Amino acid sequence: MNDTLSTNKVVRDAVEAGVKHIWIQQGAESKEAIDFCTENQINVIHDQCVLMFAEPSFPHSFHRSVLKVFGKLPK
């Protein structure tokens, strides 16, 4: 199974299980999975690196700070 099909299946399984917030890591996202989340009122974060929230992780924490200053930090 390729990554896009895996992402689509995981997203659908998560929504079926009642998950309301999904993070799709960079490189694993698919338009279909993102659209599915949006259509089902799921808070989806994509096109962002999860390492921005790891500690300690300097350049990622710097990136997080920049996004926060500009109001672009994922919620």
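**Group meeting: a residue in a loop, a core and a helix face**

Good morning. I begin with S30, which has a relative accessibility of 6% and therefore counts as buried, the cut-off for that class being under 20%. Please keep in mind throughout that the model before you is a predicted one.

Where does S30 lie in the chain? S30 is placed in the loop that runs between β1 and α2. Its side chain also has a polar partner: the side chains of S30 and N8 are joined by a polar contact of 2.5 Å.

Allow me now to set out the overall arrangement. The protein chain contains three helices and two strands, and along the sequence these follow the pattern α-β-α-β-α. Of the 75 residues in the protein chain, 31% are buried. As to the surface, the protein chain exposes about 5,300 Å², and 60% of that area is supplied by carbon and sulfur atoms. Turning to contacts with a separation of 6 or more, 27% of those in the protein chain are between residues 24 or more positions apart.

I come next to the interior. The largest nonpolar core has eleven residues, namely V11, A14, V15, I22, I24, A33, I34, F36, C37, I42 and V44. Which elements give two or more residues to this core? They are α1, spanning 3-16, β1, spanning 21-24, and α2, spanning 31-39. Helix α2 provides the largest share, with four residues.

One member of that core, I42, merits a separate remark. Leaving aside residues up to four places away in sequence, I42 touches V15, V19, K20, H21, I22 and C37. Among these partners, V15, I22 and C37 are listed in the largest nonpolar core together with I42.

Finally, I turn to helix α3, which covers residues 60-69 and has S61, R64 and L67 as its buried residues. Why do these buried residues line one face of the helix? Viewed down the axis of α3, they fall within an arc of 120°, and so they line one face. What does the face turned away from this buried side carry? That face of α3 carries F62 and V69, both exposed. After α3 comes G71, a residue with a positive phi, near 70°.

To close, I would draw your attention once more to two points: the polar contact that links the side chain of S30 to that of N8, and the eleven residues of the largest nonpolar core. Thank you for your attention.

Definitions and conventions:
Residues numbered from 1 in each chain as written. Predicted model: local features only at pLDDT ≥ 70, side-chain atom pairs only at ≥ 80, totals over all residues. Heavy atoms only, no water. Buried < 20%, exposed > 50% of the residue type's maximum accessible area, 1.4 Å probe, protein only. Arc of directions from axis to C-beta. Core = buried A, V, L, I, M, F, W, Y, C linked by side-chain atoms within 4.5 Å. Contact = heavy atoms within 4.5 Å. Areas by Shrake-Rupley, 256 points an atom, 1.4 Å probe, with all protein chains shown as cover. Polar contact = N/O pair within 3.5 Å; in protein donor to acceptor, adjacent residues only side chain to side chain.
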